[in-house]
Amino acid sequence: MSTFKNEGFIHIDDLDQHALDAHRPTIGERNRVDYRAVAKDVGRIGEGKKYLIRTHGCQMNEHDTEIMSGMLEEMGYQPTAVLEDADFVLYNTCAVRENAEDKVFGHIGTLKPMKAKNPNLMIGLCGCMAQEEVVRQKIQEKHPHVDIVFGTHNVHMLPELLEQAHHTKETIFEVWDKSDATIENLPKLRKDKIRAWVNIQYGCNKFCTYCIVPFTRGAERSRLPEDILAELRDLAAEGYKEVTLLGQNVNDYGIDLGNVDFGDLLEMAAKVEGLERIRFTTSNPWNFTDKMIDTIAKYDNIPSHIHLPAQSGSSAVLRRMKRGYTREEYLELVNRIKTKIPDVTLTTDIIVGFPGETEEQFQETLSLMEEVRYDGAYMFIYSPRAGTPATRLPDDVTDEAKKDRLKRLNEVQDRISLEINKSLEGKVLRVLVESESKNNPDVLQTRTDSNKIVHVRASKDLIGQFVNVRVTEAKTWTLNGELVSEEVPAV
Ligand code: SAH
Ligand code: SF4
Ligand code: F3S
């Protein structure tokens, strides 16, 4: 594990290669490993015991939780949602912003008295926080009641770590600082029977200056297309309707393999019989090839929804973030996409209050939102992450200004989302019925191709099916609709 030191401020241009390359793992020979060959068979050590995994962060973590649930249930553990009933509590953590970390430490602190009462209770911490040395130190010093800490590269070791933990009172730290492996044949216990996540690529090589992910997830590694396609075919055979291909930077898929790119993979996935929706995330604004755009336009089972994180509308801020594109280049890409996919819906991520962001630069972000007219946006206040290059820049935007900018950004986006949603009132859309609505079991939650939620009153028998609905009422974040029998007009 490398330690990331803040060595005082240096000019952002000096952060170029010499500073970053020191931390950039090289793409090694891709090493395809079979879980069954490397995982220790510990038998049914969880028989009669219950587990609870608390998951924070992105879809990748959600999917890792499905994998770890699969491992635990192979060991005999049963799930529980009740903390007091659990024999093993595992925190699958996110390090992308500080407040997510604070929450986890808060939770772990509250387990101390439970552990004192029941020494057989096992507590684990994994995921992106575990990759940070500062976090491990804090666990060692303040939370010695944690039994196992493992990272993002050795999830497959969960069974043997749990077994070891039964024989020792010390916290077991088993965190690898990098990996060039992709692990296949992992057990998976998918929560949903209609929509599934499928990893296509691990890690990130981009090193945006604010972001901790390349440090916590390591260098980009692509899974072999044949492994991905086999998983997709299995999912189709099991009756899954929708898959989301996951990677931090899916546009780079295949660079380490050499003979395949993301455009190719998308096309191969679209041809898998029975899969009615193939989504992907995250596709970044760089290397967004015409082949990708053409493939999305060509196949009906690739929804015309693209999450295209801009982060800022100011070229000066984008340069300090090392995003690798200017405002103009981003807008050029948006226009290229909108020309070839006229019904496209775009969503984005924005960071406000990046070091040095002036009011004028923030206004360029506001004007970008007006120009692109996103259907939705995830908006964040910049959070300095130890070890990332941006922490060397003076964090000179006041807390007040950061909060004010976030509020103004939200207001603009809420207005645009509502305007776009209002334009859908009266229209008939094809939706996949996902589940009962979380807040009202009498209503079904359905989702459009454009990734909008439509609430509909209809029979639960429709869950898992595609139906047509007429939009009756538009809200900022969701729509209400009614079931119709008519066909959706072709676009
Ligand atoms: N790979 C994806 C994003 C992964 S992190 C991409 O490049 O788009 C998800 C989002 O968290 C980012 O898009 C960014 O908007 C936000 N984020 C990342 N680091 C952050 C930080 N230090 N402070 C605030 N937001 C951050
Ligand atoms: Fe972070 Fe940038 Fe990689 Fe996304 S592309 S995970 S923002 S470094
Ligand atoms: Fe968070 Fe790690 Fe995902 S930092 S956003 S859980 S890759």
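Let's start at Gln311, which sits in the loop between strand S14 (305-307) and helix H12 (315-321). Keep in mind as you look around that this is a predicted model. Gln311 has a backbone quirk: its phi is near 75°, a positive value in a residue other than glycine. Is Gln311 buried or exposed? Its relative accessibility is 7%, and buried means under 20%, so Gln311 counts as buried.

Now hop over to another residue with a positive phi. Asn185 is not a glycine either, and its phi is about 60°. You'll find Asn185 in the loop between strand S8 (181-184) and strand S9 (195-199). Its surroundings are another matter: with a relative accessible area of 44%, Asn185 is partly exposed.

There's one more backbone oddity to pick out. Thr281 and Thr282 are joined by a cis peptide bond, with omega about 5°. Thr282 belongs to the loop between strand S13 (277-281) and helix H11 (290-298).

With those spots in mind, zoom out a little. UniProt, in an unreviewed entry, places a feature called "domain: Radical SAM core" at residues 190-419. In the model, that span is 40% helix and 16% strand, and its end C-alpha atoms lie 36 Å apart.

The unreviewed UniProt entry also carries a "binding site" annotation, and this one covers three cysteines: Cys204, Cys208 and Cys211. Let's visit a couple of them. Cys204 is in the loop between strand S10 (201-202) and helix H8 (213-217). Its relative accessibility is 10%, so Cys204 counts as buried. Which residues does Cys204 contact, leaving aside its neighbours within four places in sequence? They are Val213, Pro214, Gly218, Ala219, Glu220 and Gln248.

Cys208 lies in the loop between S10 and H8. At 7% relative accessibility, Cys208 is buried. Not counting residues up to four places away in sequence, Cys208 touches Trp286, Met321, Lys322 and Arg323.

So what is next to these cysteines? Take a look at ligand 2. The residues around ligand 2 include Cys204, Cys208 and Cys211, along with Lys206, Phe207, Tyr210, Val213, Pro214, Gln248, Trp286 and Arg323. Sorted by class, that shell has 8 nonpolar, 1 polar and 2 charged residues. Some of these names should ring a bell: Gln248 is among the contacts of Cys204, while Trp286 and Arg323 are among those of Cys208.

Gln248 also turns up around ligand 3, where the other residues are Cys58, Asn61, Cys94, Ala95, Val96, Cys128 and Arg217. How does the shell around ligand 3 divide by class? It has 5 nonpolar, 2 polar and 1 charged residues. Cys58, one of the cysteines here, has a relative accessibility of 32%, so it counts as partly exposed. With cysteines around both ligands, you might wonder how many disulfides there are. The count comes to 0 disulfides.

Next, follow the chain along to Thr388, in the loop between strand S16 (376-381) and helix H15 (399-422). Thr388 is buried because its relative accessible area is 1%, and buried means under 20%. The side chain of Thr388 reaches the backbone oxygen of Arg385 at 2.6 Å. Thr388 also links back to the part of the chain we just visited: leaving out residues up to four places away in sequence, it touches Thr209, Tyr210, Cys211, Ile212 and Phe215.

For a contrast, look at Glu371 in helix H14 (residues 359-372). Its relative accessibility is 49%, so Glu371 counts as partly exposed. Not counting residues up to four places away in sequence, Glu371 touches Arg327, Leu331 and Lys338. Leu331 is 40 residues from Glu371 along the chain, and their C-alpha atoms are separated by 8.6 Å.

Let's finish with a whole helix, H7 (residues 158-165). Why do we call H7 largely enclosed by the rest of the structure? Because 6 of its 8 residues are buried. In H7, the buried ones are Leu158, Pro159, Glu160, Leu161, Leu162 and Ala165. The cover over these buried residues includes helices H2 (35-38) and H3 (59-74), plus strands S4 (88-93), S5 (122-127), S6 (148-150) and S7 (172-174).

Notes: Residues numbered from 1 in each chain as written. Chains lettered and ligands numbered in written order. Predicted model: local features only at pLDDT ≥ 70, side-chain atom pairs only at ≥ 80, totals over all residues. Heavy atoms only, no water. UniProt positions renumbered as here; feature names shortened; annotations may be inferred. Helix = DSSP H or I, 4+ residues; strand = E, 2+ residues; numbered from the N terminus. Buried < 20%, exposed > 50% of the residue type's maximum accessible area, 1.4 Å probe, protein only. Contact = heavy atoms within 4.5 Å. Near = heavy atom within 4 Å. Nonpolar A, V, L, I, M, F, W, Y, C, P; charged D, E, K, R; others polar. Polar contact = N/O pair within 3.5 Å; in protein donor to acceptor, adjacent residues only side chain to side chain. Disulfide = S-S within 2.5 Å.
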